[in-house]
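Colleague: Got a minute to go through this model with me? I'd like to start with one odd backbone spot and then get to the helix packing.

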Amino acid sequence: MTAAAEGLADNEDVLRSVLAGCGDCIKILDLDGRLQFMSEGGQRVMEVDDFGPLKGCPWPDFWAGDGNVEARRAVATARAGGIGRFKGPANTARGNPRYWDVQVSGIMGADGKPSHLLSISRDITEEWRAVTELKESVERQAVLALELQHRIKNTLAMVGAIANQTMQGDSVADAREAFAARLMTLSRAHDLLTQSSWASAPIRDVVEGALAAHRTSQRQISVSGPDLHLTAKQALALAVAIHELATNATKYGALSGNGSVAVAWSDRPVGGTETFSFRWTESGGPAVTEPTKKGFGSRLIEKMLPNDFGGEVRTFYRPGGVVCELTSPLGRLNSEGQG
């Protein structure tokens, strides 16, 4: 063997080693984009066990949708003497999804024109996933920021309404005390919602939180009902409503003496419709009569609860105590998990 032949053989061995060790998928295509050659390293990264059946197949057909369009465009660009580049998803021969950075260029013949095409595909799946996750995270944060802005506006509107109505009384001290109590009720409801990222709140926890300031060993308050979850707006509205009912009962109703309060809810069908029913029942307290002028609590209950639950509120002033009922379609409650 001549020195020139030995040098050529050495070069071929080096080239073969480079192609085998390279992690990119290196391919040679004819001018129509049909596969002619795939490097050993390329077969490994593409999970090709036998290149034979693939030889002569149209390379762009390995790409679907927009990727197929991009691959055909890259072949046309390289055939015209340019360099075609694109990025996109394509499965390996075993069907495993990958994301590739692709470059297609011409292999020049003796006449200075492309005789074949060189396609190099680099697996950038991990980088693509990281970028995708970052993009999704940024989008989620943007959505959360908008939701937070909306919730803050709703809360501020509620606080403003509470402040406006509370400060209409003559006694500054009484107004300050009432306002602080109402804000504390809102705060407890906010704490519950924060635990679930404002997705929902268990109705039992909402009820108990609103009643916490009114429970004493002398006051009889029972709570019963199935495990249901409320939306954020429903949780805030119900918490404030229960606080108003409990405050009124403590001052003038069943909780001012030896009476009792039963708080109950259900999710049973009513008239063939799945219905959520909530009931506040006072008994054993002083005789009550319907007031000639409605206070803030009554107006809040009659407006906020129907709006946020999409239902109806009815209040009865019975001799034994106040009864307040809320009914709404069960589907209006938070149904995820139900949480």
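**A loop residue, then three helices**

Modeller: Sure. This is a predicted model, and E47 in it is buried, with a relative accessible area of 16%.

Colleague: Where does E47 sit?

Modeller: E47 is in the loop between helix 2 (40–45) and helix 3 (66–79).

Colleague: And what's its phi?

Modeller: Positive, about 55°, although E47 is not a glycine.

Colleague: OK, zooming out. How many helices and strands are in the protein chain?

Modeller: The chain has eight helices and 13 strands. Of its 339 residues, 37% are buried. Taking contacts between residues at least 6 apart in sequence, 56% join residues at least 24 apart.

Colleague: On to packing. How do helix 7 and helix 8 run, parallel or antiparallel?

Modeller: Their axes cross at roughly 155° and come within 9 Å. Over 145 degrees counts as roughly antiparallel, so helix 7 and helix 8 are roughly antiparallel to each other. The crossing is left-handed.

Colleague: Which residues make that contact?

Modeller: From helix 7 you get K233, Q234, A237, L238, V240, A241, E244 and L245, and from helix 8 F296, G297, L300, I301, M304, L305, D308 and F309. By class, that contact has eleven nonpolar, two polar and three charged residues.

Colleague: Which residues of helix 8 are buried?

Modeller: F296, G297, L300, I301, M304, L305, P306, D308 and F309.

Colleague: Why would spacings of three or four places matter in a helix?

Modeller: An α-helix has 3.6 residues a turn, so residues three or four places apart point the same way.

Colleague: What's the span of helix 8 from its first C-alpha to its last?

Modeller: Helix 8 covers residues 296–309, so 14 residues, and reaches 19 Å, close to the 20 Å expected at 1.5 Å a residue. After helix 8 comes G310, which has a positive phi near 65°.

Colleague: Back to helix 7. At what angle does helix 6 pack with helix 7?

Modeller: About 35°, with the axes of helix 6 (residues 203–211) and helix 7 (residues 232–251) 8 Å apart. That crossing is right-handed.

Colleague: And which residues meet there?

Modeller: On helix 6 they are I203, V206, V207, A210 and L211, facing A235, L238, A239, I242, H243 and A246 on helix 7. The split is ten nonpolar, one polar and no charged.

Colleague: So L238 turns up in the helix 6 contact and also in the helix 8 contact. Thanks, that'll do!

Note on methods: Residues are numbered from 1 along each chain as its sequence is written. This is a predicted model: local features need pLDDT of at least 70, side-chain atom pairs count only at pLDDT 80 or more; totals for chains, interfaces and linings use all residues. Side-chain values use heavy atoms; hydrogens and water are left out. Helices (H or I, at least four residues) and strands (E, at least two) are DSSP runs, numbered from the N terminus. Buried means under 20% relative accessible area, exposed over 50%, partly exposed in between (1.4 Å probe, protein chains only). Axes are lines fitted to C-alpha atoms, for helices over the stretch in contact, and angles run from 0 to 180 degrees between N-to-C directions. A crossing is left-handed if the near helix is turned anticlockwise from the far one by less than a right angle, and right-handed if clockwise. Contact means heavy atoms within 4.5 Å. Ala, Val, Leu, Ile, Met, Phe, Trp, Tyr, Cys and Pro count as nonpolar, Asp, Glu, Lys and Arg as charged, and the others, Gly among them, as polar. Angles under 35 degrees count as roughly parallel, over 145 as roughly antiparallel, 65 to 115 as roughly perpendicular and the rest as oblique.
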